[in-house]
Amino acid sequence: MADHVQSLAQLENLCKQLYETTDTTTRLQAEKALVEFTNSPDCLSKCQLLLERGSSSYSQLLAATCLTKLVSRTNNPLPLEQRIDIRNYVLNYLATRPKLATFVTQALIQLYARITKLGWFDCQKDDYVFRNAITDVTRFLQDSVEYCIIGVTILSQLTNEINQVSATAFLIEADTTHPLTKHRKIASSFRDSSLFDIFTLSCNLLKQASGKNLNLNDESQHGLLMQLLKLTHNCLNFDFIGTSTDESSDDLCTVQIPTSWRSAFLDSSTLQLFFDLYHSIPPSFSPLVLSCLVQIASVRRSLFNNAERAKFLSHLVDGVKRILENPQSLSDPNNYHEFCRLLARLKSNYQLGELVKVENYPEVIRLIANFTVTSLQHWEFAPNSVHYLLSLWQRLAASVPYVKATEPHMLETYTPEVTKAYITSRLESVHIILRDGLEDPLEDTGLVQQQLDQLSTIGRCEYEKTCALLVQLFDQSAQSYQELLQSASASPMDIAVQEGRLTWLVYIIGAVIGGRVSFASTDEQDAMDGELVCRVLQLMNLTDSRLAQAGNEKLELAMLSFFEQFRKIYIGDQVQKSSKLYRRLSEVLGLNDETMVLSVFIGKIITNLKYWGRCEPITSKTLQLLNDLSIGYSSVRKLVKLSAVQFMLNNHTSEHFSFLGINNQSNLTDMRCRTTFYTALGRLLMVDLGEDEDQYEQFMLPLTAAFEAVAQMFSTNSFNEQEAKRTLVGLVRDLRGIAFAFNAKTSFMMLFEWIYPSYMPILQRAIELWYHDPACTTPVLKLMAELVHNRSQRLQFDVSSPNGILLFRETSKMITMYGNRILTLGEVPKDQVYALKLKGISICFSMLKAALSGSYVNFGVFRLYGDDALDNALQTFIKLLLSIPHSDLLDYPKLSQSYYSLLEVLTQDHMNFIASLEPHVIMYILSSISEGLTALDTMVCTGCCSCLDHIVTYLFKQLSRSTKKRTTPLNQESDRFLHIMQQHPEMIQQMLSTVLNIIIFEDCRNQWSMSRPLLGLILLNEKYFSDLRNSIVNSQPPEKQQAMHLCFENLMEGIERNLLTKNRDRFTQNLSAFRREVNDSMKNSTYGVNSNDMMS
């Protein structure tokens, strides 16, 4: 006993150190000791002692969190009786100790919720023991307010816990690779058995609370109200059909309320309850009420018929009108934000044709317009909420052409007011921001772009008014700006204000031009666009003429945004050249046709590269514009005729374009934009290049000189490493741009003959020297991956040429050298593992995949002539693969895409190599496929299906051969592979159950791909398949079993025991019908999916 007391005191002391001490070392030691305690065998009994006798809240907290870890344990889980005891103990503990610290109560409730979730399908004597949450909570709800709060919090936390994927994804049994399916089964069962009762209970308690004339001075009443609102919000926020894996897409979703809840929403008192609460409770609670209203307003449309929906919408609009007429509470930013979300839902879930039929529509749209205008004018208040208001108006404006209702929508009156408020408020903000040194919204280009996209639609409604306003404001600012520049005494502040205003105007003009929709646009509107474009180009001439003295980065970025929109709408192969815009440009600026306009673009691009070479944002956006111009078929041909473009093709050196210099970059990664530059130049060069080798040699002179310089440095023993790195990285980035652009055989062969064999050794040497520095290796590996990529069949060597094989040898050499060296790095910190190691490995995988699937090498000759290039590359791939933990393969999207696409090629063309691997490597690859089948990325999932299909087909063929009486025995590899698979049947069976699981129970986005390996899996495991089928059938309600049995019969109807294409296609057709029938059968079942726990 004394032992117990002593160890208790020690534990309490450790808790104090963990939670109270400011000394990091002490805290870390305490943490380490407590982790050991959690893993100790007597942890359970000690936790109970801590709860019973612990003198501090921290020890109670420790006990609760340790117990939560214990019940969540996947290996060696606690027996059912013990979990029931813990659950009952926690409920009694909460019921008998009212004065616990809040964080302890919270931790204990979390423990209760976790036990309930993980034990949802556990039975004791045919009774689901963990499903009576409402009964568990009743005794709390009938007691005092304090206990009532605990009861409501329990339900709230439970709803939240069951709704959360992440919490259980790693908790559910380790032997299912399929946590998501298990999670969905629990969530669906909870939804069907308990959620509506919890929601109804919550609404009834809210009604009682609001009917009692809340005593708002009473703190405990506050707490109860808060918890009730949270509970209701959690119920409405539940993921009813398992679609929201991504929590960031909150905005325009529909709440998929089950049909069985209809009664609650047809009864107008539910909606009324929340609007009444909003007006009767303190503003600090109203955001939660509004959040509930946002969810209620987003109930799926199909829950109602047309008449019911009109009635529901009418109540909703009335409630919104009442809030707008009494806007006092909206001065709280949280309330204001939620109310803006509510307004946005009015249009995302209902059509304009339905809104205009609401009784008070004219009054409501006037109030909303006034509210929006006021909000926009107060730009400094809650800037993050503006998005919702603009999205409402954007959707309203976009619906105008389609509205069929006879009632007036009045948007032609109010939309221009919104446009005007947005534009004028942004211009007025400039002065205040500069004067008070506030944060400039223009710094956040993402947010500005988002608002401008919305404005582009809003501003196009009643476009004449928008244009007239923009012309008037632009002329005022431009005139003031010009006068200030000519005046000797102008203050820099005044100039900055006008530049800021012009920046906004140029962005906005770009946006409204980009909002032009070809079918809805008239000649008059194109002429107005012409007016706006003329003004921006005149301003550009003015600012460019001053660049030698001074320039404004934000204004330049706005110009580039404008050029991008202008290019998208008015330049290119699809544009009407007779557009009124060009007539206006010709009258004002003498630009008569597209070629002259393109020369303005190129002039601007060259000016920017000359003056802004050291400003990365401007350089990269300018080069992106050049790149976009070089893609169009007709525009690239017009561009080549311009003298400015010829100048660029003949003078691409750092003396003319400072960003190509190697001394001014502070950072090697800043050279990325060079690839874009050379891609564009490569496309321009190719237009007239043909087979002219002299012109090509001339163009490559600067790059040849750079290669010679690096070769010269490498040949001496001591050289300036920094300079060598910069020269080489710049060079390989340039070359990758050219290689990407040269997608025709003649031009690519010129590049190939230029680089091989002369310069290849330099690239190999760089990898050898600097393998540990990703800033150098990444560009070199990417260049090599581009060179071996048979883009548009450009790598077609003549029949007498060995170049395909020689190119693969170089590839193999680089992969082997990089791979062997990168594995010597040792332990890399977790936060740097991608940058230092995995990124390079991922590029090597892509390179190998491109080479193996390029169809320019016959890989059979390597072994035939004793050349180990192929073996080396494949062995390096295996070494690299085994150095990567499974979790990393799926955690890093680029790595997983390159790995799975390489594996697809290997299983398709090099299955003998896979079959010859060691058993542990084969198991590693198979389990990576098994995990990839459930990946969220559809490309990865489809690739895994394809790999699995190739492996299963190979196995099936080898098995068929081994049973036939043949004179030629199976080769050694196939024999070993068969043996391994027979020793570990569970691997293939696991994948059969996973694939079937996804097809039956999940939203299967690539059904065709899933169907291909499934037939082979079934034919290899017929007994396991029939057991699986029986367990699925038996898990259905008795009345459904016959139908389910029939579904499976039909699935195999007419299928033969072979994997011929005809048989596979038949199976794929059967599977489509099977999936439809199973889904129909389950929809009609009240608990079909949920009681089914066959694959846990």
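The legends below describe close-up views of a predicted model.

**Figure 1. Domain layout of the predicted model.**
The protein is split into four parts: domain 1 (1-47 + 57-65), domain 2 (72-212), domain 3 (694-883) and domain 4 (900-962 + 969-1081). Taken over C-alpha atoms, the centres of domain 1 and domain 3 lie 55 Å apart.

**Figure 2. Residues 30-96, annotated in UniProt.**
An unreviewed UniProt entry assigns the feature "domain: Importin N-terminal" to residues 30-96. Helix accounts for 79% of the chain over residues 30-96 and strand for 0%. The C-alpha atoms at the two ends of residues 30-96 are separated by 31 Å.

**Figure 3. Packing of helix H20 against helix H23.**
Helix H20 spans residues 411-436 and helix H23 spans residues 492-514; their axes are 9 Å apart and make an angle of about 150°. Angles over 145 degrees count as roughly antiparallel, and H20 and H23 are therefore roughly antiparallel to each other. The crossing of H20 past H23 is right-handed. On the H20 side, the contact is formed by Tyr422, Ile423, Arg426, Leu427, Glu428, Ser429, Val430, His431, Leu434 and Arg435. On the H23 side, Met493, Ala496, Val497, Gly500, Arg501, Trp504, Leu505 and Ile508 take part. By class, the residues of the contact of H20 with H23 comprise 11 nonpolar, 3 polar and 4 charged.

**Figure 4. Packing of helix H23 against helix H25.**
H23 also packs on helix H25 (residues 553-570), at an angle of about 15° and with 8 Å between the axes. Angles under 35 degrees count as roughly parallel, so H23 and H25 are roughly parallel to each other. H23 passes H25 with left-handed geometry. H23 contributes Glu499, Leu502, Thr503, Val506, Tyr507, Ile509, Gly510, Ala511, Ile513 and Gly514 to the contact. These meet Lys554, Leu555, Leu557, Ala558, Met559, Ser561, Phe562, Gln565, Ile569 and Tyr570 in H25. The contact of H23 with H25 contains 13 nonpolar, 5 polar and 2 charged residues.

**Figure 5. Packing of helix H44 against helix H47.**
Helix H44 (residues 919-932) and helix H47 (residues 985-1001) cross at roughly 10°, and their axes come within 10 Å. This angle makes H44 roughly parallel to H47. Met923, Leu926, Ser927, Ile929 and Ser930 in H44 are in contact with Met987, Gln990 and Met991 in H47. The residues of the contact of H44 with H47 are 5 nonpolar and 3 polar, with no charged residues.

**Figure 6. Backbone detail at Pro757 and Met410.**
Most residues other than glycine have a negative phi, and most peptide bonds are trans. The peptide bond that joins Tyr756 and Pro757 is cis, with omega about 5°. Pro757 sits in the loop between helix H34 (745-755) and helix H35 (760-770). Met410, which is not a glycine, has a positive phi of about 60°. Met410 belongs to the loop that runs between helix H19 (386-399) and H20; H20 is one of the helices in the packing view with H23.

Key
Residues numbered from 1 in each chain as written. Predicted model: local features only at pLDDT ≥ 70, side-chain atom pairs only at ≥ 80, totals over all residues. Heavy atoms only, no water. Domains from an automatic or database assignment. UniProt positions renumbered as here; feature names shortened; annotations may be inferred. Helix = DSSP H or I, 4+ residues; strand = E, 2+ residues; numbered from the N terminus. Axes fitted to C-alpha atoms, helices over the stretch in contact; angles between N-to-C directions. Parallel < 35°, antiparallel > 145°, perpendicular 65-115°, else oblique. Left-handed = near helix turned anticlockwise from the far one by under 90°. Contact = heavy atoms within 4.5 Å. Nonpolar A, V, L, I, M, F, W, Y, C, P; charged D, E, K, R; others polar.
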